[in-house]
Amino acid sequence: MELKVIDGKGLVSASMSASDELFGREYNEALIHQVVIAYQANARFGNSKQKGRSEIAKSTRKPWAQKGTGRARAGMASSPLWRGGGKIFPNSPDENYTQKVNRKMYRAGLASIFSQLVRENRLTVVDNLTLEAPKTKLLAQKMLDMGFDSSRVLIIVSDIDDNLYLSSRNLPNVLVLEARLADPVSLVRFPKVLVTLDAMRKIEEMLT
C-alpha cells in the first residue's frame with residue numbers, strides 16, 4: 001500500500017510504502033469496541049464509596065411496634081428499603097474495573113482503526129513537523145497551511161519536543177501524542193489524524 005506524504009505547505013512531496021496487514025485490514029467493529037471499552041475501563045479509579053447498612057448513623061431501635069399500628073413491619077431506620085438507609089451491595093474504594101485484553105487483540109484493534117482511517121481519508125502523513133519557537137501562532141499557521149482549518153486534529157510524532165508541546169497547549173482542537181502513547185480512544189475520537197513519517201515507522205514497528 002502506498003500512502004501520500006505531504007510537506008509543510010500541504011503539497012504531496014513523496015509517498016511511502018505501508019504494510020497492507022496494518023493499514024489494509026478489514027474493519028472489525030466488535031474488536032474495536034472491545035479495545036476502546038477496555039482502555040477506558042483500565043483508566044478508571046475505584047474511588048466511589050457508598051455506605052452499607054452497618055455504616056449508617058441511625059438508631060437501631062425498632063421504629064414502632066411489630067403489631068397493632070396498621071403499618072408495615074420495620075426493624076430499623078438504616079434498612080436499605082428506607083430513604084437514607086444503607087445500600088445492599090455498596091461500592092467500595094477498592095473496586096477493580098480493569099479488563100484484560102491480549103496483546104495480539106490490542107494490536108489488531110489498533111491496526112483496524114488505522115486501516116479505517118486510511119479508507120476514510122482521515123489519516124495524513126507529513127514528512128516533518130518542527131517549530132522554530134514555542135509559539136501557538138506558528139503551529140496554528142502551519143496547520144492552516146497543511147489544510148487543517150477548524151477540524152479537530154490528533155498529531156502523532158515520534159518524539160515531542162518542547163516547542164511543539166508548548167505551542168499546542170492553547171489549541172483546544174489539537175492534541176499531540178508520541179507514537180508509543182497513541183491510544184484507541186484518541187484515534188477514534190478525532191476526525192483528523194496527522195502522523196509524521198518517523199512516527200509512522202515507529203507505529204509499524206510497534207504493531208508488527
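**Salt bridges, a helix pair and two pockets**

In this predicted model, E204 is a buried residue, with a relative accessible area of 13%. The cut-off for buried is under 20%. E204 does not stand alone, for its side chain meets that of R201 in a salt bridge, with N and O 3.5 Å apart. R201 is partly exposed, at 35% relative accessibility. Both residues belong to helix α7, which covers residues 197–207, and they sit 3 residues apart, about one turn of the helix.

The structure as a whole has 5 salt bridges. One of them joins D145 to K9, and here the closest N and O atoms are 4.0 Å apart. D145 is in helix α4 (residues 136–145), while K9 is in the loop between β1 (2–6) and β2 (12–17), so this pair ties together parts that are 136 residues apart in sequence. D145 is partly exposed, with a relative accessible area of 29%, and K9 is exposed, at 58%. Another salt bridge links E178 and R180, whose closest N and O atoms are 2.8 Å apart. In this pair E178 is buried, at 14% relative accessible area, whereas R180 is exposed, at 56%.

Helix α7 also has a partner. It packs with helix α3 (residues 103–119) at an angle of about 145°, and the two axes are 10 Å apart. Which residues make this contact? From α3 come R107, L110, A111 and F114, and from α7 come I203, M206 and L207. By type, the residues of this contact divide into 6 nonpolar, no polar and 1 charged.

The same two helices appear again at a pocket. The second largest pocket holds about 210 Å³ of space. It is lined by 13 residues, and those closest to its centre are Y106, L110, R180, A182 and M206. Among these, L110 and M206 also take part in the contact of α3 with α7, and R180 is the partner of E178 in a salt bridge. Helices α3 and α7 each supply at least two lining residues, with the largest share, 4 residues, coming from α3. The lining divides into 10 nonpolar, no polar and 3 charged residues.

The largest pocket has about 340 Å³ of space. Of its 14 lining residues, K4, N121, L123, T124 and V125 are the closest to the centre. Two elements, β1 and β3 (123–126), give two or more residues to this lining, and β1 gives the most, with 4 residues. Here the lining residues divide into 8 nonpolar, 3 polar and 3 charged.

Technical notes:
Residues numbered from 1 in each chain as written. Predicted model: local features only at pLDDT ≥ 70, side-chain atom pairs only at ≥ 80, totals over all residues. Heavy atoms only, no water. Buried < 20%, exposed > 50% of the residue type's maximum accessible area, 1.4 Å probe, protein only. Axes fitted to C-alpha atoms, helices over the stretch in contact; angles between N-to-C directions. Contact = heavy atoms within 4.5 Å. Nonpolar A, V, L, I, M, F, W, Y, C, P; charged D, E, K, R; others polar. 1 Å grid on protein atoms, 1.4 Å probe; cavity = no way out; pocket = protein on both sides within 12 Å on 5 of 7 lines; lining within 4 Å. Points joined across faces, edges and corners; volume = space filled by probe spheres on them.
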